[in-house]
Each structure stands twice: as C-alpha cells, then as structure tokens.
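Q: I have a model open and want to walk through it. Can you take my questions one by one?

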Amino acid sequence: MNLLTVSGSPHVHGDNSTKKIMYGVAFAMIPTLLVSVYFFGLDAIRVTLLSVFACMLFEWIIQKYLIKGPVTITDGSAIISGILLAFNVPSNIPTWIIIIGAFVTIGIAKMSFGGLGKNPFNPALVGRVFLLISFPVQMTSWPKPSALFNSLADAVTGPTPLGHLKEELKVGRTVQDILENGTSWTVDGINYIYKIPDYMDQLMGNLGGSLGEISALALILGGIYMLMRKIISWHIPVSFIGSVIIFTGILWVVNPDIYVNPGFHLITGGLMLGAIFMATDMVSSPMSFKGQLIFGLGCGVLTVIIRIWGAYPEGVSFAILIMNAFVPLINRSIKPKRFGEVAR
Amino acid sequence: MLKTFKIGGVHPEENKFSADQPAEVLDFSKQVIIPLSQSLGAPSKAIVEKGDLIKVGQLIAKGESFISSNIHSSVSGKVLKVDQVLDQSGYRRPAIFINVDGDEWIEGIDRSSEIKKEITLTKEEIVKKVHELGIVGLGGATFPSHVKLMVPEGKKAEVLIINGVECEPYLTADHRLMLENGEEVLIGTSILMKGLGVNRAIIGIENNKTDAIANLAKLALNFDGIEIETLKVQYPQGGEKQLIDTVINRQVPSGKLPIEVGAVVNNVGTAFAVYEAVQKNKPLIERTVTVTGKGVSKPGNYKVRIGTSINTLIEKVGGLPENTGKIVSGGPMMGKALNSIDVPVVKGTSGVLLFEEEEARRIEPTNCIRCGKCITVCPMGLEPVLIAQYAESEMWEEVEAERAMDCIECGSCQYTCPAARPLLDYIRLGKFKVGQIIRIRSKK
C-alpha cells in the first residue's frame with residue numbers, strides 16, 4: 001500500500017485558482033480588444049500581441065536568469081499586464097516604445113518588488129505613466145478611428161474628446177460652443193474641422209483615444225462578466241464611477257459653461273477602463289469591501305481634480321496610482337466587522 | 001429566504017453519497033481498544049486492570065476532574081492490558097485493550113426497541129445520569145455534556161438549540177439518525193430542556209436534508225416547545241457560534257460561551273445519546289459513523305461500538321481502495337488525517353473518509369494575490385491572510401491582537417484561497433503560540 005498523506009485540515013479545496021482568475025480577466029478584455037481592432041485595424045493587434053509577448057518575455061528572462069527561481073509566466077498575470085499596457089497606448093505607437101513600456105511594467109513595477117502579489121502599484125499603469133512622461137508626443141497623437149481595416153496611410157491623427165475640450169476651454173470658449181460647433185483650423189492652407197463625437201459614438205468607441213479606452217460598452221460588458229464570475233466585486237467600479245458622476249455633476253450644476261456634464265466624463269477617456277480593469281486589480285487594491293469603497297472614492301475624486309484643474313487632460317492613471325499608494329494604509333485602518341462585536 | 005449566519009461562509013461540494021444508506025449495526029471485532037482521552041478536558045483514569053472480566057456497559061474509566069468524562073466498556077470480555085496506543089491524534093496515549101468474548105451486558109440496561117417517552121427523572125437526576133453514563137458532545141468537540149447542563153451562577157439559559165446542521169460535506173450520520181430515530185432525538189431534546197430548565201428548543205437543519213426536516217417536523221407536533229428550523233446550506237453553520245447567530249440572531253462575544261446570550265447548543269447525536277442514557281440507562285458505548293469517499297464502492301452509515309478499529313469499518317465498505325492517499329477521521333473541512341488505519345473509533349468519530357491519491361495531495365501554493373477572499377469568507381470576521389503572515393513572521397503579539405484566538409479553524413479561508421496558501425496551518429501555529437503566551441501571562 002502507498003503511504004498515507006497526513007496534513008492539516010481542510011482536506012478539500014474550492015475550485016478557485018489564481019490562474020482561473022487571471023485568465024477570466026483576460027477573457028473579459030476580449031470585447032474591448034475586438035472593438036479596438038474594429039476601429040484601429042491591424043495596428044491594434046500588432047500593439048497588443050507585441051505588448052503581451054514582451055511582458056511575458058521580460059518576466060521569463062528575469063525569473064529564469066536574474067532570480068533563478070520558478071518561472072510562472074503562464075499564470076496569466078503577465079498576459080493581463082501586457083493587454084492592459086496595450087490598452088493604455090495609442091494604436092500607432094512605435095514598436096520600440098511598447099518594448100520599453102513592457103520592460104518598465106514587468107521589470108520595474110512588478111518583478112523588482114518580488115513578482116506577482118507583491119507590487120504596490122498597478123504594473124501596467126506604471127508602464128503607461130512612464131511612457132506618457134517620457135514620450136509625450138508619441139503617447140498623445142491618437143489616430144482617428146475609422147472604418148474597419150483601412151490602410152495605415154489613411155489613418156489621420158486627431159485629439160481625444162477630453163484633450164480637445166481642455167484646450168478649447170483654455171481659450172475661453174463655453175462647453176456648449178465646443179460640443180455643438182466643433183473647432184476648425186487651417187494648416188498650410190488646408191482646412192481641418194474637429195467635432196467631439198456624439199454620445200452614441202462615444203459609447204460604441206468611435207472616438208480618439210488609447211486602444212482599450214474607446215468603447216465604454218465593451219468595457220462594461222467585460223465588467224459584468226467579471227462580476228458574474230465573482231472575479232471582481234462591485235465596490236470599486238461603483239464608487240469610482242459614482243464619485244466621478246457626483247463630483248462632476250455638482251460642478252456642472254454650478255456652472256455648465258465651463259464644466260462639462262457628467263455623462264461626458266463618464267464615457268470619454270479612460271474612466272471605464274480604469275474603474276473596471278485597472279483599479280480592480282486585486283494586488284494593488286484594498287482587501288475589504290469597505291476599503292474598496294474608499295479606494296474607489298479617492299480614485300474618482302482625484303480623477304476629476306486632475307481632469308479639470310490638472311495639467312493633463314486625463315487623470316485616471318494618476319488617480320489610481322496615487323490611491324495604490326494609500327492601499328496599505330486603508331488595509332490597516334479598515335478592519336472587517338468581527339463576529340460578536342455588536343453584542344459587546 | 002432561509003436563515004443563515006451573517007458573516008462569511010462557503011459552500012463546498014456536498015458529496016453526501018451515503019445519505020440514502022440506513023445505519024447498519026456493525027459486528028464488533030475480536031479486540032477493541034478504548035482510549036482514555038475521548039473527551040475535551042482531562043483524560044479519564046482506568047479503574048480496571050489486566051485480566052479483569054468485564055461486561056458491556058461496565059464503567060472502566062472515571063473522569064476525575066470537572067471537565068472530563070466517564071468511559072464504559074462497549075464489549076464484554078477480558079482486559080488484555082492498559083497500555084499506550086497510537087490514537088487518532090497521531091500520538092501514543094493510554095488505552096484499555098479488551099479481548100472480546102460474547103456480548104454480555106450488565107444489569108439494568110434496557111435493550112428493547114420500545115420507545116420510552118415519559119420523562120420521570122428530575123432536573124438534578126438528569127444531569128447526574130448524563131454525567132455518570134459518560135455522555136459527551138457528539139458533534140465533534142466532545143465537550144462533556146453534563147457541564148453544559150450546569151448553568152453557571154448568574155447566567156440564565158433561555159433556549160436550547162439542537163444542532164442537526166451536519167454542514168460538513170460527505171457526512172450523513174446525523175442525517176440518518178434524524179430519519180431513523182427521530183422520536184428518540186425529540187425525547188432526548190425534551191430531557192435536555194428539562195435538565196436545563198428551558199421551555200423552548202429549536203432544532204436547526206440545513207435544507208439539503210428535507211426528508212429529515214419533514215420527519216422531525218411531523219413528530220415534533222407531539223412535543224411541547226420544540227421547533228424545527230430549516231436553514232440555508234452554508235458552511236460552517238454547524239459551528240456553535242454560527243448556529244446561534246443563525247437561529248436566534250445573537251452573537252456570542254469573543255472569548256465567551258453560548259450561555260452568555262442565553263443559549264445552549266447540543267448535537268442531535270448527543271440528544272439521542274442522552275435519550276438512551278436517561279430513558280434506557282445505556283451509557284455512551286456506540287455511535288453512528290459515516291464511511292465514505294469518491295472511490296468507495298458502497299459508502300454507508302454504521303452503528304459502531306466505541307473502540308472498534310477503523311480498519312474494521314473500512315473492510316465493511318469493501319476494503320481500502322487501491323489508490324487511497326489519505327484517510328480522514330471526521331469531515332473534509334475540519335477532520336483529522338490519520339497516519340494509520342488501526343486506530344480505534346472514539347466518541348467523537350463522526351466519519352471516516354477515504355481520499356484517492358490525487359485528492360489527497362495539496363495544491364502547490366503560489367504567491368498571495370491579495371484578493372481578500374479569505375476575509376470575505378471568514379465566519380468570525382477575521383483577516384486570515386494577515387494572521388497567517390504575522391504567524392509566518394513569528395510576530396505573536398500581532399497574531400493575538402488580530403484576534404487569532406477567535407478562529408474556529410473551520411478552514412473556509414484555505415478552502416477558498418485561489419493561491420492555495422496554507423493559511424490555517426499558520427493560523428493554528430499562531431494560536432498555539434499565543435495560547436502558550438496567555439498561559440504564561442496568567443501564571444504571573
């Protein structure tokens with residue numbers, strides 16, 4: 001007879017695993033990926049595959065040759081970081097910039113802290129912000145989305161709704177004027193007109209922006225899938241998005257001429273991507289539901305502050321990174337309700 | 001909506017394969033080994049010697065301190081020796097070895113199948129009987145039952161809760177008992193009510209045992225003050241504090257006993273044993289044990305004499321399957337892995353589970369991904385990940401401050417952990433160390 005295994009209870013394990021969670025998240029990102037391929041063409045595939053491949057490669061190199069420990073590139077976490085990094089850059093980004101981004105994401109933001117589960121900051125966001133600060137030109141020239149699979153030569157760059165709005169508000173125009181009449185300018189005798197897409201287009205993703213942030217609808221679809229699979233809980237997305245709506249709503253009521261309505265904030269920029277896929281990253285968000293509500297609230301408020309008064313048109317990435325830094329503090333101060341505490 | 005406890009909980013695969021198998025009386029083996037440590041508290045002291053001839057039901061070991069219990073012989077025959085034996089704890093501890101000869105019972109035990117409903121004993125006599133005949137809690141903790149019946153000065157018992165939850169997967173012994181001996185369980189409940197001086201009892205049963213609920217609900221119409229409550233299936237509802245929370249919506253404070261909120265909890269198996277002791281004068285010498293597992297050809301429930309080797313039970317279900325990798329005494333969530341099949345069945349043995357090789361091994365742990373699932377499922381509202389990390393870093397003060405001593409070791413955290421981290425191993429270590437520190441502190 002074989003020897004018996006003697007170990008402590010419990011002797012059964014639920015069917016949950018890190019791998020299942022990670023691949024579940026990756027699966028939830030498919031609708032968003034499809035939308036970006038639809039609007040940005042083959043470039044979207046190039047950027048995503050390259051980013052995923054580079055992330056996995058860096059993790060493999062570091063684990064195998066630097067740490068000389070077990071290689072865990074198939075656990076799905078590097079794949080997610082790769083996709084998220086791709087989602088956070090324009091589709092026409094040069095290859096070499098993605099590779100630098102992947103190195104920062106995996107090498108600096110993840111592995112230098114000890115790998116999966118140890119990183120205080122969301123790796124893909126660190127990568128994105130590094131690129132944004134280092135290569136501002138390449139990171140902010142967004143190709144205009146157009147029909148499916150048009151050739152690269154035809155792709156025209158255009159601004160994001162948030163960036164455009166911020167620039168035009170600076171010159172003293174009102175929100176209504178910018179939204180309704182658009183902006184025209186002349187360069188070398190050619191007349192250009194840019195008008196912020198209407199809400200339907202914004203919802204579907206027909207607007208300028210990073211790969212993964214354009215379609216609010218596809219992102220929400222992925223979010224619902226993750227909620228149903230219990231990969232994420234509702235607390236962070238709801239408090240994040242909710243606080244953005246409330247904050248921008250108050251400003252809008254106070255002065256609709258210089259503050260755009262909350263609906264605009266909701267479906268433009270990286271809010272959905274950030275609230276659903278980035279802020280909910282288990283490793284860099286609080287563990288208790290109450291802590292997650294606070295975390296989401298902080299992300300929302302900081303996003304609005306940066307969007308409206310900050311130097312950048314978009315504040316989601318910075319907001320999440322800043323709140324990531326507060327996570328240990330939140331975890332420490334928010335304790336779950338202990339059993340028997342009420343009776344005392 | 002069905003009631004359940006308010007904080008945490010999981011729902012493991014139920015796998016109650018033996019639910020339809022009537023409890024069968026198991027022939028006793030040639031030799032039984034009756035360990036002297038069968039209940040919570042101090043071990044009992046043997047009062048028989050090598051060569052003594054003894055009968056079934058005879059007192060063979062006395063519980064001498066307040067929290068300890070008497071032990072009676074489950075067989076008749078000759079005492080071979082009083083010696084150390086490897087028991088379910090994995091340690092060698094004293095036990096009485098008896099060579100079986102016939103089945104001769106001592107005088108005064110009513111062995112008829114007639115159900116005796118009328119309770120003639122007084123409150124004090126009931127407590128004395130339960131004490132004398134070695135009744136202990138059969139839910140798993142084996143706390144001496146007479147101690148629970150003696151309500152401390154200044155406290156008042158308001159309600160008796162009977163635990164028919166059987167929330168552990170696989171186990172069906174209590175289920176069968178409620179189906180086959182429902183009336184005895186209810187009489188036992190009435191006896192416990194009288195012993196406690198309460199006029200209300202609630203029997204909590206999870207919704208996966210609808211036949212047992214129907215049976216007891218029908219029978220309970222003839223009993224005063226006994227209610228049957230159908231509960232949502234949720235682990236660890238059979239935990240004392242969780243069940244009280246479920247049934248009467250009161251939370252026992254940290255470090256306190258159920259009596260603090262006016263409740264006393266007993267298992268259905270205990271209620272049955274109390275019936276047999278008080279009405280039939282029969283000591284606790286046998287119990288129902290579930291023998292099951294995915295690879296077991298005919299899982300079943302057996303009425304077993306205490307001291308019978310677990311090997312005898314395994315042979316009864318078709319022998320040990322070829323690929324057995326682990327044998328667990330009790331349920332899969334809180335049971336104990338055995339290191340031998342030659343250990344005896346004791347009062348606290350509710351089941352024997354045979355796990356196949358691939359189920360036996362633990363999943364290789366990976367890095368904690370800080371998902372917080374362990375916090376969500378902890379029924380005590382603790383942070384298992386934090387306690388485990390403190391224990392891993394040997395920070396015992398922090399382990400204590402995070403209320404590790406509140407942990408009921410239900411295993412929900414480790415069961416849920418996607419990284420398969422050995423959370424409960426570390427928490428147990430932490431509790432052990434903190435326990436030592438508390439003892440030293442109280443001596444000063």
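**Strands, helices and the interface**

A: Yes; keep in mind that this is a predicted model. A place to begin is an open sheet of three strands in chain B, in the order E3-E5-E6 with antiparallel pairing. Its edge strands are E3 (45-46) and E6 (71-72) of chain B, each of which pairs on one side only.

Q: How many bridges join E3(B) to E5(B)?

A: Two bridges join E3(B) to strand E5 (residues 59-62) of chain B, and the two run antiparallel. In E5(B), B:Ala61 is the bridge partner of B:Ala46.

Q: Now E10 of chain B. Is that strand buried or exposed?

A: Strand E10 (residues 201-206) of chain B is mostly covered, with six of its six residues buried.

Q: Which residues of E10(B) are on which side?

A: B:Ala201, B:Ile203 and B:Ile205 are on one side, and B:Ile202, B:Gly204 and B:Glu206 are on the other. Both faces of E10(B) are covered.

Q: What does E10(B) pair with?

A: Strand E9 (residues 159-164) of chain B is joined to E10(B) by five bridges, and these strands run parallel. Strand E11 (residues 226-231) of chain B is joined to E10(B) by six bridges, also in parallel.

Q: Which residues are partners there?

A: Between E9(B) and E10(B), B:Asn163 has B:Gly204 as its bridge partner, and B:Gly164 has B:Ile205. Towards E11(B), B:Ile205 stands opposite B:Thr230.

Q: What sort of unit do E10(B) and E11(B) make with helix H5?

A: E10(B), helix H5 (residues 210-220) of chain B and E11(B) make a right-handed β-α-β unit.

Q: Back to E9(B). Why is it called largely enclosed?

A: Six of the six residues of E9(B) are buried, so the rest of the structure largely encloses it. On one side these are B:Val159, B:Ile161 and B:Asn163, and on the other B:Leu160, B:Ile162 and B:Gly164.

Q: How many bridges pair E9(B) with E12(B)?

A: E9(B) pairs in the parallel sense with strand E12 (residues 263-267) of chain B over five bridges. B:Ile161 stands opposite B:Val265 in E12(B).

Q: Different topic: the largest nonpolar core. How many residues, and which have the most contacts inside it?

A: That core has 138 residues, and those with the most contacts inside it are B:Ile34, B:Leu160, B:Ile161, B:Val274, B:Leu313, B:Leu423 and B:Ile427. Helix H7 (residues 268-280) of chain B gives the most to this core, with eight residues.

Q: What does B:Ile34 touch?

A: Leaving out residues up to four places away in sequence, B:Ile34 touches B:Ile60, B:Ile71, B:Ser74, B:Ala95, B:Ile96, B:Ile98, B:Ile306, B:Gly307 and B:Pro344.

Q: And what does the second core include?

A: The second core is separate and has 75 residues, including A:Leu211, A:Ile231, A:Met278 and A:Leu302.

Q: Let's do helix H11 of chain B. Which residues are buried?

A: In H11 (residues 384-392) of chain B, the buried ones are B:Pro384, B:Val385, B:Ile387, B:Ala388, B:Tyr390 and B:Ala391.

Q: Which helices do those pack against?

A: The buried residues of H11(B) pack against four elements of chain B: helix H10 (373-377), helix H12 (396-401), helix H13 (412-416) and helix H14 (423-443). Just after H11(B), B:Glu394 takes a positive phi of about 55°.

Q: Zooming out, how many helices and strands are in chain B, and why is it called compact?

A: Chain B has 14 helices and 17 strands. Its radius of gyration is 21 Å, close to the 22 Å that the globule rule gives for 444 residues, so chain B is as compact as a globular protein of that length. Of those 444 residues, 57% count as buried. The C-alpha trace of chain B spans about 65 × 50 × 50 Å along its principal axes.

Q: What about chain A? How many helices and strands?

A: Chain A has 16 helices and four strands. Its radius of gyration is 22 Å, close to the 20 Å from the globule rule for 344 residues, so chain A is as compact as a globular protein of that length. Of its 344 residues, 49% count as buried.

Q: Last one: how many residues of each chain are in contact across the interface?

A: 32 residues of chain A are in contact with 51 residues of chain B. On the side of chain A that touches chain B, 13 residues are nonpolar, 15 polar and four charged.

Methods
Residues numbered from 1 in each chain as written. Chains lettered and ligands numbered in written order. Predicted model: local features only at pLDDT ≥ 70, side-chain atom pairs only at ≥ 80, totals over all residues. Buried ≥ 20, exposed ≤ 12 C-beta atoms within 10 Å, placed from the backbone. Contact = placed C-beta atoms within 7 Å. Core = buried A, V, L, I, M, F, W, Y, C linked by C-beta atoms within 7 Å. Pairing = 2+ DSSP bridges. Nonpolar A, V, L, I, M, F, W, Y, C, P; charged D, E, K, R; others polar. Right-handed = clockwise from strand over helix to strand, strands pointing away. Rg over C-alpha atoms; globule rule 2.2 N^0.38 Å.
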